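Here's a quick walk through one protein chain, from its overall build down to a handful of residues. Have the structure open while you read.

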Amino acid sequence: MAPNLAAVDAALGSCEIHRSVELGQRQGQLAQRIDLFDRRVVTAEQGNSLPIRMITIGSEANAIAIARGLLDCGFYILVAFFPTLGQGKAGIRVCITAQHEVRDIERLCERILEKYAKTTGKPYPLR
């Protein structure tokens, strides 16, 4: 079966970006955003160039409450819990992109630390 027209157009667009300076610029922006997040919120993925960070919360109810609080602040955050993670190891998953503004990453970090402390009654652990 032949690929649909949208898939062909997406592949051509991707090729165009890969042959231009735009790819390096976007990769540099993404690396800066990830580094900024990592300097503010410590995760097991710190230093990893992949843009996904898991903030371990523990309690499923607390993870849901924190994600809800972040949603109320305008941040859509995914919650992960059993069976994806072990029981009692629930967390929230942050996906960073090059499109995120620096001020938005800073604000997200502040809200994560604030919501974590408010929900759990403890400051966010810094290893």
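What follows is a short report on the fold, the core and a few residues.

## Ground rules

This is a predicted model, so to speak of local features we need pLDDT of at least 70, side-chain atom pairs count only at pLDDT 80 or more, and totals for chains, interfaces and linings use all residues. Residues are numbered from 1 along each chain as its sequence is written, and side-chain values use heavy atoms, with hydrogens and water left out.

## Overall build

The protein chain has four helices and three strands. Starting at the N terminus, the order is α-α-β-α-β-β-α. Helices (H or I, at least four residues) and strands (E, at least two) are DSSP runs, numbered from the N terminus.

How does the radius of gyration of the protein chain stand against that of a compact globule of 127 residues? The chain comes in at 17 Å, where such a globule would be near 14 Å. That radius is taken over C-alpha atoms, and the globule rule is 2.2 Å times the number of residues to the power 0.38. Along the principal axes, the C-alpha trace spans about 50 × 35 × 25 Å.

## Surface, burial and charge

Of the 127 residues in the protein chain, 28% are buried. Here buried means under 20% relative accessible area, exposed means over 50%, and partly exposed is in between (1.4 Å probe, protein chains only). The accessible surface is about 8200 Å², with 57% of it belonging to carbon and sulfur atoms; these areas come from the Shrake-Rupley method with a 1.4 Å probe, and for residues only the protein chains shown count as cover.

On the charge side, there are 16 positive and 13 negative charges, and their mean positions are 5 Å apart. Lys and Arg count as positive and Asp and Glu as negative, while His and the chain ends are not counted. The place of each charge is NZ of Lys, CZ of Arg, CG of Asp or CD of Glu.

## The nonpolar core

The largest nonpolar core has 22 residues, and the members touching the most others are Phe 37, Ile 55, Leu 70, Ile 92, Val 94 and Leu 108. Such a core is a set of buried Ala, Val, Leu, Ile, Met, Phe, Trp, Tyr and Cys residues joined through side-chain atoms within 4.5 Å. At least two residues of this core come from each of α2 (22-40), β1 (52-58), α3 (60-72), β3 (90-95) and α4 (102-120). Helix α4 gives the largest share, five residues.

Which residues does Phe 37 touch, not counting those up to four places away in sequence? They are Thr 43, Arg 53, Ile 55, Val 94, Ile 96, Ile 105, Leu 108, Cys 109 and Ile 112. Contact means heavy atoms within 4.5 Å. Across the protein chain, 64% of the contacts between residues at least 6 apart in sequence join residues at least 24 apart.

## Polar residues to look at

Asp 38 sits in helix α2 and is buried, at 7% relative accessibility. Leaving out neighbours within four places in sequence, Asp 38 is in contact with Thr 43, Gln 46, Gly 47 and Arg 53. Gln 29 is also in α2, but Gln 29 counts as partly exposed at 31% relative accessible area. In the loop between α2 and β1 you'll find Ser 49, which is exposed at 60%. The C-alpha atoms of Ser 49 and Ile 34 are 7.4 Å apart, with their positions 15 residues apart along the chain.

Now for two arginines. Arg 111 lies in helix α4; is Arg 111 buried or exposed? Arg 111 is buried, because its relative accessible area is 19%. Beyond four places in sequence, Arg 111 is in contact with Leu 70, Cys 73 and Phe 75. Arg 93, in strand β3, is partly exposed at 32%. With the same four-place neighbours set aside, Arg 93 is in contact with Ile 52, Arg 53, Met 54, Ile 77 and Leu 78.

## A cis peptide bond

Most peptide bonds are trans. The bond from Phe 82 to Pro 83 is cis, with omega near 10°. Pro 83 is in the loop between β2 (78-80) and β3.
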